[in-house]
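Q: Please take a close look at one helix in this structure, and then place that helix in its chain and in the assembly.

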Amino acid sequence: MEQLLQQLVNGISLGSIYALIALGYTMVYGIINLINFAHGDIYMVGAYVGFALTTFLDLSFLPSLLISMAVCSILGIVVEKVAYKPIRNSTRIAALITAISVSLFLEYTMMYFVKPDTRTFPEVLESKRMTFLGGSVILDVKNIYIVVITIVLMVILQYIVHRTKTGKAMRAVSLDKEAAELMGVDINKTISYTFALGSALAGAAGVLVGVYYNTINPLMGVVPGLKAFVAAVLGGIGIIPGAVFGGFFLGMTETLVSAYGGSIFKDAVAFAILILVLLVKPNGLLGKTIKEKV
Amino acid sequence: MNRKLLVVLSLVLVFILLAGCTSKETSGGANSDTIKVGLNYELSGGVATYGQGLTDGVLLAFEEINNNGGVLGKKLEPVQVDNKSNDTEAANVSTRLATRDKVVALLGPATSGNTKAAIPAATQNKVPLISASATADDVTVDSNGNVREYIFKTCFSDSFQGVMMAELAFGELQMKNAAILSDSTSDYAKGLSKSFKETYTNLGGKILAEEAYQSKDTDFKAVLTNLKGLNPEVLFVPGYYEEVGLIVRQARELGLNVPILGGDGYESPKLTEIAGKDVLNNVYYSSHYSSMDNSEEVVRFTKNFQEKYKKEPDAFNALGYDMAYFLKDALERSGEANPEKLKDALAATKDFKGVTGTFSIDENHNPVKSVTVIEMKDGVPTFYKKLDPK
């Protein structure tokens, strides 16, 4: 029982990271039907920005998190303007290949500048541990930070999408691009906003991972990026609550599979579940037949 | 007219080049004041630190040997070629050294993968190849279990590390049940786990669980929580420092404070950096060498190395240094610089005294040597003890 509680703590922390990254995938897909494979690398850049700020400028945790989010949103906008905008009306395969190229470009440019070695994040959050049930369940301050920050960011995102004018424009573009344009929505601006928001969340995830696991490297975005993509598809790609749900679902599944002796099959089980879900509900767990996506 | 002139001129150029080549070759081959030794190392690329470290050790030993009158009245001449940490390149360099430079022996490459790539050229040209750091079991023995006649190594094998760590856990540390957490994507880790498990269960210990992770994983909390629930007395984690650093850190964060054991993959200052100084305690690993070992050979080597390179020697420097003396020892016994005789002399090496331990070459061309156990104390590697093979 105590062990299960500890595993829940582990699973929720891991799931928060997946959820944060999955949100960016889902938003971009919702709005321009593009699977932005470079998203995982924006998350990596976020981690490096956080690393530079905390190591070289001695900033504390929150300012680094915010600056890193800002840098990533700018990067997201630049990537969209330079790489995706010119091919917005080409075939989907062209867009997909461009996305993969951008991903590799970011990885190896970064590797050129920061060297391929693993770097260690400084201790920006003092490690305080709380023990429950006679020491068998351990909760670290970092776990709380990760989960709380994830939830706060999601609430803010939900507010932006549903309560602001920009959010309304985003939803309109995702429903029908031409109609939205005819109604006077500035498509380019809206798409830029979407990229900025999604990339900021990825940047936040990067800094959180750096703090939580304290190692970063230029290829750190590949696997979490892929997993977050799976999470987004699992929850129903294009649907914001779906990405969050998918992220937590994937985190918990991985944790519980390793917990019950299947550490070797961890990923196999996670992906088997994905296939099953897609067979039964091709639009994802929270997907509806009538698409309402952002 | 113009074209004809061009043809003639280019022909002349070709002849000059060819003449240059041949004359160089004959002078190289006929020069008998030196014994040429090929150094096929990773001087650039991903594992350049290993190759550079070994080369530094070899060159220091060559310098010492040459200053003391050389071998068989001749000086040792290193022929260094960079294999760029690439296996294709390692094979090419091996061919080049054996055929064009006509070396008497090939030293290197550093990693098991590159060494395996360099083997065919050595075998075909009948030149002995010695690796000081390729720890894979199948470097000196082929897939059918036959010994490769011309291939030798001076470091212990992966499986041997597992055996020694199992003996340490069961005998020295008195731990009667263990759990294994291994890197399922690496042959190195799999080899260590297998031999650890076999030896440990044969001694009477119990393996409570065998779990796995993949290289580049960052989250080990789920599997560590699970292992903690089983209450093992010791954790065996064969793997490389990047993941091991995170595993140690996360294990301690979860309150899993049992000793953690592993192999020479822990050998890196990065381990301390990743795990953090305060949690890196109660961690033991097998290594080739420790500069804190105070035997006479090690003290002398450390002093000479510091004089030449102005830094502390590491395990790779020591392995390279030993390999050079190992070669010298065999050359002296073979009586002349002949690859064929050298091969037999290498195979017959008995009780060779080096800085990484005293060893003899067994029937599989592996050294039977002692293992140095390093204990991490507050992130500082300290000499724990030397374990001799039984």
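A: The account below begins with a helix of chain B and then widens to the two chains and their interface.

The model is predicted: local features need pLDDT (the predictor's confidence in each residue, from 0 to 100) of at least 70, side-chain atom pairs count only at pLDDT 80 or more, and totals for chains, interfaces and linings use all residues. Residues are numbered from 1 along each chain as its sequence is written, while chains are lettered from A and ligands numbered from 1 in the order in which they are written.

Helix H4 of chain B covers residues 112–124. Helices (H or I, at least four residues) and strands (E, at least two) are DSSP runs, numbered from the N terminus. The 13 residues of H4(B) reach 19 Å from the first C-alpha to the last, close to the 18 Å expected at 1.5 Å a residue; the expected span is 1.5 Å times one less than the number of residues. H4(B) nevertheless bends by about 35° at B:Ala118, and B:Pro120, a proline, follows within four residues. The bend at a residue is the angle between axes fitted to the seven residues ending there and the seven starting there.

The residue at the bend, B:Ala118, is buried, as are B:Ser112, B:Asn114, B:Thr115, B:Ala117, B:Ile119, B:Ala121 and B:Ala122. A residue is buried if 20 or more other C-beta atoms lie within 10 Å of its own, exposed if 12 or fewer, and partly exposed in between, with C-beta atoms placed from the backbone. The buried residues of H4(B) pack against helix H3 (87–99) and four strands of chain B: S1 (34–41), S3 (105–107), S4 (129–131) and S5 (151–153). After H4(B) comes B:Lys126, with a positive phi near 55°.

Chain B as a whole has 12 helices and 15 strands. Its radius of gyration is 24 Å, close to the 21 Å that the globule rule gives for 390 residues, so chain B is as compact as a globular protein of that length. This radius is taken over C-alpha atoms, and the rule is 2.2 Å times the number of residues to the power 0.38. Along the principal axes, the C-alpha atoms of chain B fill a box of roughly 90 × 50 × 45 Å. Of the 390 residues in chain B, 51% are buried. Among contacts in chain B with a separation of 6 or more, 69% join residues 24 or more positions apart; two residues are in contact if their C-beta atoms, placed from the backbone, lie within 7 Å.

The partner, chain A, has 11 helices and four strands. Its radius of gyration of 19 Å agrees with the value near 19 Å for a compact globule of 294 residues. Chain A averages a pLDDT of 88, and 97% of its residues score at least 70.

At the interface, 20 residues of chain A are in contact with 21 residues of chain B. Helix H1 (2–32), strand S3 (137–140) and helix H10 (240–259) of chain A each supply at least two residues of the side that touches chain B, and H1(A) gives the most, with five residues. By class, this side of chain A has six nonpolar, 12 polar and two charged residues. Here Ala, Val, Leu, Ile, Met, Phe, Trp, Tyr, Cys and Pro count as nonpolar, Asp, Glu, Lys and Arg as charged, and the others, Gly among them, as polar.
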